[in-house]
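Student: Please take a close look at one part of this structure, the nonpolar core, and then place it in the rest of the chain. I would like one connected account.

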Amino acid sequence: MNNLLNEIKQLAQQGLENAIITKDDKNKDIFLNIMLKSELALNKISMKNTNTLAPTSKEESSRTYEKLDDDIKMNMYLVAYCFSCYEHTSLYPKFSQDKAFIVAAEQLGVKKNTLKNARDWFDGHNDSHRSGWWQAPLPDDMERAKTVFDKKSRNELISAAQNILEINEVEPKNCNFGQSLKSSKYGGKFRSKSEVEEFIDIIVKQSPSVAKDLIEQCSQKTFIACYEIFAKKYNESTESLKHEIVKCDPRTASNSDFSLWIRARFIQEIFKQNLEKDALEIVS
């Protein structure tokens, strides 16, 4: 069985390489999906053969997953992993979180709560801002899946999940430049300051609607609340400006430091580009 799976994986890898060269996006996603499933199956066989798996807690919850077909279960784990690491917007950028779970669960053929529980379980074992089920070890098959997923890039995983969910486009065709860029390049969520700076640089150089794309990332309410103080201080450091946001917009007090920094950085850039009047018109 191992030899057969390895052969399938190698053939899929060859197909993936050819698809990338020929820019055949449809078959690229198919070959990538085959590779992921082959790798999962090989890991599962390997773990069974070594017989080193320890029993897990949350046994009652894990029984739900045991009843699922292996292919359905692995597909669900991939989607749940993407929801956990890259947020639901990485796959459904125009949906609320609840709607994203409903649509994805229906496409996968599982219950919404089953998919959500899988996301929550992964939350406890990555750098998600949600605590998830941090106190419980992952079930054996989820641990094997995570081991495979952790080795893949964000774009590879999102592409494979889109193929499973039959999502043809990351964003609807009428979506603007900034939303499309954030979803396709960053999975719908900024995870570092360098990503924010890269995003801003691309927006300023390439977007046909710079003011609109910048203000959408900092919250229009926050922009209005901080307008006067930023007009006087926007040349100060972003670290300093993020503290001004809480003073001007107290509802942001519970936000994380990184979230405040993101808001401050985008408002700061609006002023640096002399787009504050354009931004005000968009808001009004």
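Tutor: What follows goes from the whole protein to its main core, then to a helix of that core and the loop after it, and last to the surface.

The model is a predicted one. The protein has 284 residues, and 45% of them count as buried. Its secondary structure consists of 15 helices and 0 strands. Of the contacts between residues at least 6 apart in sequence, 66% join residues at least 24 apart.

The largest nonpolar core holds 35 residues, and Val79, Phe83, Leu91 and Leu115 have the most contacts inside it. Two or more residues of this core come from each of α4 (70–86), α5 (97–108), α6 (112–123), α7 (140–149) and α8 (154–165). The greatest contribution is that of α4, at 11 residues.

Leu115 shows how such contacts are spread. With neighbours within four places in sequence set aside, Leu115 is in contact with Met76, Val79, Ala80, Phe83, Phe101, Ala104, Ala105, Leu108 and Val110. Apart from this core there is a second, separate one of 28 residues, which includes Val210, Cys218, Leu241 and Ile270.

The residue that follows in number, Lys116, is in helix α6. Lys116 has a relative accessible area of 30%, so it is classed as partly exposed. Between Lys116 and Phe83 there are 9.0 Å from C-alpha to C-alpha, with a separation of 33 residues in sequence.

Among the helices that supply the main core, α8 can be described in more detail. Its 12 residues reach 16 Å from the first C-alpha to the last, close to the 16 Å expected at 1.5 Å a residue. α8 is mostly covered, with 9 of the 12 residues buried. These buried residues are Arg154, Leu157, Ile158, Ser159, Ala160, Ala161, Gln162, Ile164 and Leu165. The list thus includes Arg154, Ser159 and Gln162 along with residues such as Leu157 and Ile158.

Just after α8 comes Glu166, with a positive phi of about 60 degrees. Glu166 takes this positive value although the residue is other than glycine. Glu166 lies in the loop between α8 and α9 (177–186). Its relative accessibility is 58%, and because over 50% counts as exposed, Glu166 is in the exposed class.

A positive phi also occurs at Ser219, where the value is about 75 degrees and the residue is again not a glycine. Ser219 sits in the loop between α11 (210–215) and α12 (220–233). With a relative accessible area of 21%, Ser219 counts as partly exposed; the limit for buried is under 20%.

The surface is the remaining topic. The accessible surface of the protein is about 14900 Å², and carbon and sulfur atoms account for 48% of it. A nonpolar patch on this surface is formed by Leu4, Ile8, Ile30 and Ile34, which together have about 290 Å² of accessible area. Helices α1 (2–21) and α2 (25–50) each supply at least two residues of the patch. Ile8 is placed in α1, and its relative accessibility of 33% makes Ile8 partly exposed.

Technical notes:
Residues are numbered from 1 along each chain as its sequence is written. This is a predicted model: local features need pLDDT of at least 70, side-chain atom pairs count only at pLDDT 80 or more; totals for chains, interfaces and linings use all residues. Side-chain values use heavy atoms; hydrogens and water are left out. A nonpolar core is a set of buried Ala, Val, Leu, Ile, Met, Phe, Trp, Tyr and Cys residues joined through side-chain atoms within 4.5 Å. Buried means under 20% relative accessible area, exposed over 50%, partly exposed in between (1.4 Å probe, protein chains only). Helices (H or I, at least four residues) and strands (E, at least two) are DSSP runs, numbered from the N terminus. Contact means heavy atoms within 4.5 Å. Patches are made of residues with over 30% relative accessible area and no salt bridge: like charges are joined within 9 Å, nonpolar side chains (Val, Leu, Ile, Met, Phe, Trp, Tyr) within 5 Å. Accessible areas come from the Shrake-Rupley method with a 1.4 Å probe; for residues, only the protein chains shown count as cover. A salt bridge is a side-chain nitrogen of Lys or Arg within 4 Å of a carboxyl oxygen of Asp or Glu. The expected span of a helix is 1.5 Å times one less than its number of residues.
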